[in-house]
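Student: Please take a close look at a single part of this structure, the packing of its nonpolar side chains. I would like one connected account.

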Amino acid sequence: MTDLTRLQREGLGMLLAFDHVCRRHGIAYQLAAGTLLGAIRHGGFIPWDDDVDVCLRRAAYERFLAVAPAELAPAYRLRQARTEPGCPFPFCKMVSGEGETGSGAFLDIFPFDGVCPGPVRGRLHMRLAWLLATALAYRAGKAAPGDRSPTRARRWARQVLVWGMRGLAPQRLAGGLERVARWREGRANAHVACLVSGRMRYRQIRSARDFDACIAWSFEGHPFPVPRSYETVLENLYGDWRALPPAERRQPHHHRLT
């Protein structure tokens with residue numbers, strides 16, 4: 001068994017455990033990002049993918065966090081900055097095994113918060129969340145500041161952002177990001193977005209009505225919920241999602257496998 005096969009098998013086990021808890025408690029969720037793409041295009045994992053992604057509304061996310069610790073098998077743990085000192089994750093990461101990273105397999109659980117993309121205050125809300133998420137990614141060592149920016153001005157702007165945040169612990173930044181993301185909680189919101197993700201395309205501003213409309217789809221032989229408008233979601237994420245990427249880009253994104 002290759003390392004990638006092992007990671008995918010353990011990831012599927014975590015997804016089934018997550019699904020069991022959600023079904024037991026009536027918590028609505030859906031496959032997201034590369035896992036959604038794999039389900040629609042491949043009927044399972046993208047052959048070179050090495051993790052699992054799901055998303056759900058903030059209220060459902062909080063319900064899952066409340067019930068999951070007592071429901072999950074001891075082999076699975078939930079990691080997030082809110083409850084784990086030193087943890088930089090502003091969303092929940094389900095891991096398998098002991099230690100900080102366990103066996104290496106993990107499932108990312110992304111909350112979608114209410115947004116109002118039209119008014120100036122709504123755009124400022126989303127921009128502030130993006131700045132905090134970007135700063136957190138740099139402070140947590142997940143990205144080299146400015147290395148992909150096309151202009152010198154943008155590279156300097158990103159470097160200034162990192163310098164300005166260098167005195168803040170990643171956990172504090174994650175807490176601030178969560179508070180900003182939940183700013184519109186409790187209000188009527190026609191749109192939702194994943195504000196805790198620093199990667200702009202994964203933020204996915206979607207209408208709340210479309211987000212809640214899901215259908216069942218087979219992933220590795222098991223039915224899981226996916227958005228009814230999956231074609232639009234995937235097009236916004238990946239562009240021409242039906243086409244395979246060049247061979248040199250068909251690599252795991254989170255692990256270096258040998």
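Tutor: About 13,300 Å² of the protein chain is exposed, and carbon and sulfur atoms supply 54% of that area (accessible areas come from the Shrake-Rupley method with a 1.4 Å probe, and for residues only the protein chains shown count as cover). The model is predicted, so local features need pLDDT of at least 70 and side-chain atom pairs count only at pLDDT 80 or more, while totals for chains, interfaces and linings use all residues. Residues are numbered from 1 along each chain as its sequence is written, and side-chain values use heavy atoms, with hydrogens and water left out.

Of the 258 residues in the protein chain, 46% are buried (under 20% relative accessible area; over 50% is exposed, and in between is partly exposed, with a 1.4 Å probe and protein chains only). In soluble globular proteins, nonpolar side chains tend to be buried together.

Now the core itself. The largest nonpolar core has 66 residues, and Phe-18, Leu-31, Phe-64, Leu-107 and Ile-109 touch the most other members (a core is a set of buried Ala, Val, Leu, Ile, Met, Phe, Trp, Tyr and Cys residues joined through side-chain atoms within 4.5 Å). Helix H1, residues 3-25, gives the largest share of this core, eight residues (helices are DSSP runs of H or I with at least four residues, strands are runs of E with at least two, and both are numbered from the N terminus).

Take Leu-107. Apart from neighbours within four places in sequence, the contacts of Leu-107 include Met-14, Leu-15, Phe-18, Val-52 and Val-54 (contact means heavy atoms within 4.5 Å).

Next, the rings. There are eight aromatic pairs in the structure (rings of Phe, Tyr and Trp, the last by its six-membered ring, pair if their centres lie within 6.5 Å; planes under 30 degrees apart are stacked, over 60 edge-to-face and the rest tilted). In one of them, the ring centres of Phe-18 and Phe-64 are 4.7 Å apart and the planes are at 55 degrees, so this pair is tilted. Phe-18 belongs to helix H1 and Phe-64 to helix H3, residues 58-71, so the pair ties together parts 46 residues apart in sequence. Phe-18 is buried, because its relative accessible area is 0%. Phe-64 is also at 0%, so Phe-64 counts as buried. Together with Tyr-29, Phe-18 and Phe-64 form one aromatic cluster.
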